[in-house]
Amino acid sequence: MSTLAWITLLVGLTCFLSFGFGIRFYFVKPERKTLPMYLITEVGSTIALVHLGLLVWRGVGQSQLDPRMLAAALSLYVLSLTVFWWSWRTVREHRLTFAYSKDVPQRLITGGPYRFVRHPFYTAYSLAFLAAPVGLAAWWLLPTSIFMFFVYRQSAVMEERKFATSALARQYGEYRRGTGRFLPRPFAAKRGAG
């Protein structure tokens, strides 16, 4: 059994358990879930289990994975965890609403990872869903990663529309010009903490 496969599996599991922690204990959810919310929770959980199950079967059980690809997957999981917990630490006092909620934004957070990207939680989730296809060199799994990315992308677009129609519209417009949606803009001006 490959030690690297075990480590990758455990860090990947930690990612998805961390996301579950956020869903269960941090994000404010509406009384009734919408279809997109089910896509994130139920479909996302199923895809995560498939990814982890394949890592167990092919990596831990059969030890047939390329160590370089496993190392790349481990790096994606570590980066995902780092961005997730940095984001949580930045906003933990402010309890954000769950994806696809129809609330009106009350504050604009620009500190921590929000200095670099507007949706760091979605960046973290997308990195984690990309890790298993990379580690397994299973490009046929990429549609699952792309599907989850588009679920998060649509939620990000919806959140940005909410800001555009809120009292924070002008401030958000300025913030948006200097930060990327999911990836940092290398030449954008640095943001102050907020």
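Select arginine 68 first: at 67% relative accessibility it counts as exposed, where exposed means over 50% relative accessible area, buried under 20% and partly exposed in between, with a 1.4 Å probe and protein chains only. The model is predicted, so local features need pLDDT of at least 70 and side-chain atom pairs count only at pLDDT 80 or more, while totals for chains, interfaces and linings use all residues. Residues are numbered from 1 along each chain as its sequence is written, and side-chain values use heavy atoms, with hydrogens and water left out.

**Salt bridges**

Keep arginine 68 selected and add aspartate 66. Their side chains meet in a salt bridge, 2.8 Å from N to O; the term requires a side-chain nitrogen of Lys or Arg within 4 Å of a carboxyl oxygen of Asp or Glu. Aspartate 66 counts as partly exposed, at 29% relative accessibility. Across the whole structure, a search finds eight salt bridges.

Go next to aspartate 103 and lysine 162, which form a salt bridge with the closest N and O atoms 2.7 Å apart. Aspartate 103 lies in the loop between α3 and α4 and lysine 162 in helix α5, so the pair ties together parts that are 59 residues apart in sequence. Helices here are DSSP runs (H or I, at least four residues), numbered from the N terminus. Aspartate 103 is partly exposed at 27% relative accessibility, whereas lysine 162 is buried, with a relative accessible area of 14%.

Now pick glutamate 160 and arginine 176, whose side chains meet in a salt bridge at 3.7 Å, N to O. This pair links distant parts of the chain, with glutamate 160 in helix α5 and arginine 176 in helix α6, 16 residues apart. Glutamate 160 counts as buried at 3% relative accessibility; arginine 176 is partly exposed, with a relative accessible area of 36%. Add Arg118 and Arg181 to the selection: salt bridges that share partners join Arg118, Glu160, Arg176 and Arg181 into one network.

**Glutamate 159**

Move to glutamate 159, also placed in helix α5. Which side chain of opposite charge is nearest to glutamate 159? That side chain is lysine 162, 5.6 Å away, and glutamate 159 is buried yet has no salt bridge. For charge, Lys and Arg count as positive and Asp and Glu as negative; His and the chain ends are not counted. Leaving aside neighbours within four places in sequence, glutamate 159 is in contact (heavy atoms within 4.5 Å) with Ala99, His119 and Tyr122.

**Helix α6**

In α6, select the buried residues: Tyr172, Gly173, Tyr175 and Gly178. Show α5 as well, since what covers these residues of α6 includes α5.

**The core**

Next, colour the largest nonpolar core, which has 54 residues. A nonpolar core is a set of buried Ala, Val, Leu, Ile, Met, Phe, Trp, Tyr and Cys residues joined through side-chain atoms within 4.5 Å. The residues with the most contacts inside this core are Phe16, Leu55, Tyr77, Tyr125 and Leu136. At least two core residues come from each of α1, α2 (35-61), α3 (67-91), α4 (120-135), α5 (142-164) and α6 (169-178). α4 gives the most, with 10 residues.

Centre on tyrosine 77. Not counting residues up to four places away in sequence, tyrosine 77 touches Thr8, Val11, Gly12, Cys15, Phe16, Leu52, Leu55, Ala128, Ala131 and Ala132.

**The surface of α1**

Select Trp6, Leu10, Leu13 and Leu17, which form a nonpolar patch on the surface with about 390 Å² of accessible area together. Patches are made of residues with over 30% relative accessible area and no salt bridge; like charges are joined within 9 Å and nonpolar side chains (Val, Leu, Ile, Met, Phe, Trp, Tyr) within 5 Å. Accessible areas come from the Shrake-Rupley method with a 1.4 Å probe, and for residues only the protein chains shown count as cover. Leucine 13 is found in helix α1 (residues 3-26) and counts as partly exposed at 37% relative accessibility.

**Two backbone stops**

Most residues other than glycine have a negative phi. Arginine 95 has a positive phi of about 35 degrees although it is not a glycine; arginine 95 lies in the loop between α3 and α4 and is partly exposed at 42% relative accessibility. Tyrosine 100 lies in the loop between α3 and α4, with a positive phi of about 70 degrees, and counts as buried at 12% relative accessibility.
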